[in-house]
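Q: Hey, can you walk me through this one? I'm new to it.

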Amino acid sequence: MNYRTLGKTNLKISEISLGTWQVGGKWGDPFDFKNAEQILNKAVDGGVNFIDTADVYGNEIGQSETAVGRFVKSRSEKIYIATKCGRQINPHVNEGYQPKILRKYVEDSLSRMGLDTIDLIQLHCPPTEVYYRPEIFEEFDKLKDEGKIHSLGISVEKVEEALKGIEFENVCTVQIIFNMFRQRPSELFFEQAKKKNIGILARVPLASGLLTGKFSKESSFGQNDHRFFNRNGEMFDKGETFSGIDYETGLQAVEELKTVFKDQNMAQMALRWILDFNAISCVIPGASRPEQVESNIGALNSPNLRPEQIIAIKGIYDKYIKPQVHQLW
């Protein structure tokens, strides 16, 4: 495992870390704590020392956090935990964001995980208007002074939100969708993040599995899987599902990508592509099975992409993806 500095938090974290949106098993299935434990053990055994969770992950509030909290106590290694707050607000609108409400969420997360301090608390994709409210960000300075959090970050949908969020001095990290089908962050945002020493966590790195190259027109997804019910953004931001690309267009782009990678593991090369950007602190692929963790970590053994591969990937992006999504997020 290789480690990078997470911006001005100064934490040294694993290049391949673990996102726990699916750690309890496949989408829509009951949360399997044994499966979560196996995935978490596989990750840490492979050198992962950074785990990203959220209070809303799991079929019930707090299930993923509870699993992560239990797990950390079972290991002797230093493991950094990032969690998120805000998505419990319903309806999820700007007016629902109030300092006292967010404070309660942070304190609930601490209690569920059995922690004294959260290494990284992140606002969980709040409405854009929240980034224009200093009182929200000031509350996290108070929580830091009280020793309840180490650092504040933001998880965003749009580059606009990332750029606005890092204007607040206490924002140390940005979690943003970045992959071969979502390239816009590598433009202005990466440049500005470097100037401010912001750690960048690349989420949805495989475009909801599209970039594994394992899907086809015949692939089916369960009715409780967001890849079935959220293709048009019915339940949450459309950009979370397949990075906002319509499925058929995504498949066409993937077929061309397969000719670029030939006999190479496509998922691993997709992760390698992200890590070749030095602005990135880590990538946080999810896993619903321990074997997926092993495959993700295997990306570190993949060679850097060759110049001709990078050029080909850009050409495929420009042809299929950019016209649909580039300016949307």
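A: Here is a short chat about the model, starting with how to read it.

A: This is a predicted model, where local features need pLDDT of at least 70, side-chain atom pairs count only at pLDDT 80 or more, and totals for chains, interfaces and linings use all residues. Residues are numbered from 1 along each chain as its sequence is written, and side-chain values use heavy atoms, with hydrogens and water left out.

Q: Cool. How many helices and strands are there in the chain?
A: The chain has 11 helices and 10 strands. They are DSSP runs numbered from the N terminus: helices are H or I with at least four residues, strands are E with at least two.

Q: And what is the radius of gyration of the chain?
A: The radius of gyration is 19 Å, close to the 20 Å from the globule rule for 329 residues, so the chain is as compact as a globular protein of that length. That radius is taken over C-alpha atoms, and the rule is 2.2 Å times the number of residues to the power 0.38.

Q: What share of the residues count as buried?
A: 57% of the 329 residues. Buried means under 20% relative accessible area, exposed over 50%, and partly exposed in between, with a 1.4 Å probe and protein chains only.

Q: Switching to rings: how many aromatic pairs are there?
A: There are 16. In one of them, the rings of Phe242 and Tyr247 have centres 5.1 Å apart and planes at 40°, so this pair is tilted. Rings of Phe, Tyr and Trp (its six-membered ring) pair if their centres lie within 6.5 Å; planes under 30 degrees apart are stacked, over 60 edge-to-face, and the rest tilted.

Q: Are Phe242 and Tyr247 buried or exposed?
A: Both Phe242 and Tyr247 are buried.

Q: What sits over the ring of Tyr247?
A: The charged end of Arg231, 4.4 Å from the ring centre. For that label, NZ of Lys or CZ of Arg must be within 6 Å of the ring centre and within 35 degrees of the ring normal. Arg70 also lies over a ring face, that of Phe33, at 4.7 Å from the centre.

Q: Any odd backbone spots?
A: Most residues other than glycine have a negative phi, and most peptide bonds are trans. The bond from Asn90 to Pro91 is cis, with omega near 5°, and Pro91 lies in the loop between β5 (80–85) and α3 (99–113). Ala207 has a positive phi of about 50°, and at 0% relative accessibility it counts as buried.
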